[in-house]
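Let's take a slow walk through this one together. Keep the sequence and the 3D view side by side as you read.

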Amino acid sequence: MTSQRLLAVAVAASAAAASGGCGASASASATSAPMPASPASSASTTEAPASPNPTALDAAPILVDSSAWSTVTRSPWPVEPDPRDPRDARDPREASLAAACGGTDAALARVARDVVELRARGLGTPDAESLVAKLRASGEPYVRPRVIVASGHAPIDDTKLRSELAHRTDARAPVRCGVAIAATPHGGEVLVVLRVEALADLAALPTRARTGEWLSFDARVHVPARSAKLVVLGARGVPKTMPTSLDPATGISRARFVLDQPGAFTVQLVADLAEGPRPLLEARVFADVTPPRPGDEPPAPGEELATSADARDAHDARDGHDPRDARDDAALLARMVAALRTAEGFPALTRDEKLDALAHAHAERMREQKAVAHDLGDGDFRERFEAEGGLDARAVGENVAHAPTIALAHRALHASPSHRINLLRGDYTHLGVGVARAADGSVYVCETFAVVARSAPH
């Protein structure tokens, strides 16, 4: 059995970072953490009365054409076979394995079927960006999906698979799965499991709306959280943070947001958990425009700089020169950030050696632990920043990501509301960038930001 973990975003996931050779998407595990440099009190929220359980909803239809968009985003999706879809004849083995995994989510199951059909035809597994795009189009708001793929002579040993899946259910929140099995042309069998740890669930949110319309975002958070915020992101510009309530007793989080212009919007619920800020849910909403084909997302401003760098690498390889190292990767990413800020009308940030050192050390640590997080046992960025000393900053922030390439990491961070806040924060003055390449060529990325009042002598 092979297992792939999709970390976004950046898998961010509107996709996040990807291990196992998959592409990045900003809805996976890229997380951002704008924070004051000194200890600060928890952000206050207006508590709302408990509302009905947002997961107890009338079943909304799931579109048969998986390349089209669901009418709503919600979770979990109930298992109600759609007679219009011939694939909806429930396979008892799939149901049994899903139960061992933690429980079936219908939208995850449909995307798993798309993936297993590709694998059975020998076309491979979609990259993380494509996979997360399929999940969003299917109305699935979960972030950080994991893919488990098994193949062999038919039938695959269900006992071993069930034991493996049951072993993976040691989670702090409900586990939701989609399982699909397909036969190969030569007597084999392929099994695909999409697995998520549902840290929160979302009440039905429409996919399409009108410009100027106000929409309600109602969620239930399943893990302890100090606060929550809803971040709304348009195609360009600075994300907006909406007033968001969180009732600690019930986990109910509520916010309202307006679609202030035509176009595509990404909305993301970010909670302050024990390990730091983390995206819990993400949805796409389209105001007076037709949703694009899933995966047809434009590149981020600055991403074009990767083309010239790749061409230079190819030229160096032909000449027998060494490929660019981590310092070159960091410089490329810093140029992408500068190009993005210029395109959006913000001043460039000053590279700082101490911020670079903090970013590089954290990128190396993420590579060593094969994890994408702000706190890997040595404190979050605020704590690491204060321990380092040498800079007097009024506020600091950090973006982290894992992706196959620098360009995809930049795209995923730009596509994620919580990360773009850091990238386009107007009062940030200094930047640090660290990149660590894994053995498979993928990159662990850390961007550090600061509002520097004065810089101590180096």
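First, a bit of vocabulary: helices (H or I, at least four residues) and strands (E, at least two) are DSSP runs, numbered from the N terminus. With that in hand, you can find Arg144 in the loop between helix 3 and strand 6. Keep in mind throughout that this is a predicted model.

Let's stay with Arg144 for a moment. Most residues other than glycine have a negative phi, and most peptide bonds are trans. Arg144 goes the other way: its phi is positive, about 55°, although it is not a glycine. Is this residue buried or exposed? Buried means under 20% relative accessible area, so Arg144, at 13%, counts as buried.

Now step back to helix 3, which spans residues 128-137 and is mostly covered, with nine of its ten residues buried. Among those buried residues are Glu129, Lys134 and Arg136, along with Leu131 and Val132. After the helix comes Gly139, with a positive phi near 85°.

On the other side of Arg144, strand 6 (146-153) leads towards another backbone oddity. Pro155 sits in the loop between strand 6 and helix 4 (158-167), and the peptide bond from Ala154 to Pro155 is cis, with omega near -5°. There is also a cis peptide bond between Ser75 and Pro76, where omega is about -10°. Pro76 belongs to the loop between strand 5 (72-73) and helix 1.

That brings us to helix 1. Its buried residues are Glu94, Leu97, Ala98, Ala100 and Cys101. These cover an arc of only 160° around the axis, so they lie on the same side of helix 1. On the face turned away from that buried side you'll find the exposed residues Pro92 and Ala99. Just past the helix, Gly102 has a positive phi, near 150°.

Which residue does Cys101 pair with in a disulfide? The partner is Cys177, and the two sulfur atoms are 1.8 Å apart. A disulfide is a covalent bond between the sulfur atoms of two cysteines. The count for this model comes to one disulfide. The torsion about the S-S bond of Cys101 and Cys177 is about -55°, so this disulfide is left-handed. Because Cys101 lies in helix 1 (residues 92-101) and Cys177 in strand 7 (residues 175-183), the pair ties together parts that are 76 residues apart in sequence. Cys101 counts as buried, at 0% relative accessibility, and Cys177 is buried too, at 0%. Elsewhere, Cys446 also counts as buried, again at 0%.

Strand 7 also holds Ala183, and here the setting changes. At 61% relative accessibility, Ala183 counts as exposed. Its C-alpha atom is 9.9 Å from that of Gly152, a residue 31 positions away along the chain.

Next, look for an open sheet of five strands, in the order 11-18-17-13-14, with mixed pairing. Strands of a sheet pair through backbone hydrogen bonds, either parallel or antiparallel. Strand 11 and strand 14 (240-242) stand at the edges with a single partner strand each, so one side of each has no neighbour in the sheet.

Start at the first strand in that order. Strand 11 (residues 208-209) pairs with strand 18 in the parallel sense over two bridges, and Ala209 stands opposite Ala287 of strand 18. Strand 18 then pairs with strand 17 (residues 263-273) in the antiparallel sense over eleven bridges. Here Val270 has Pro279 as its bridge partner in strand 18, and a hairpin of two residues joins strand 17 to strand 18. Further along, strand 13 (residues 228-233) and strand 14 are antiparallel, with three bridges, and Leu230 is the bridge partner of Met242 in strand 14.

Strand 18 deserves a second look. Eleven of its twelve residues (276-287) are buried, so the strand is largely enclosed by the rest of the structure. After strand 18, in the loop leading to helix 5 (305-318), you meet Asp288. Its phi is near 55°, a positive value in a residue other than glycine. At 41% relative accessibility, Asp288 counts as partly exposed.

Finally, have a look at the second largest cavity, which holds about 50 Å³ of space. What does its lining consist of? The residues are Tyr142, Val143, Glu197, Ala198, Leu199, Arg278, Pro279 and Leu280. Six of them are nonpolar, none polar and two charged. Strand 18 gives the most to this lining, with three residues.

Methods
Residues are numbered from 1 along each chain as its sequence is written. This is a predicted model: local features need pLDDT of at least 70, side-chain atom pairs count only at pLDDT 80 or more; totals for chains, interfaces and linings use all residues. Side-chain values use heavy atoms; hydrogens and water are left out. A disulfide is a pair of cysteine sulfur atoms within 2.5 Å. Buried means under 20% relative accessible area, exposed over 50%, partly exposed in between (1.4 Å probe, protein chains only). The arc is that of the directions from the helix axis to the C-beta atoms. Two strands pair if DSSP finds at least two bridges between them. On a 1 Å grid over the protein atoms alone, a cavity is a set of points where a 1.4 Å probe fits but cannot get out, and a pocket is an open set with protein on both sides within 12 Å along at least five of seven lines; lining residues have an atom within 4 Å of a point. Grid points are joined across faces, edges and corners, and a volume is the space filled by probe spheres set on the points. Ala, Val, Leu, Ile, Met, Phe, Trp, Tyr, Cys and Pro count as nonpolar, Asp, Glu, Lys and Arg as charged, and the others, Gly among them, as polar.
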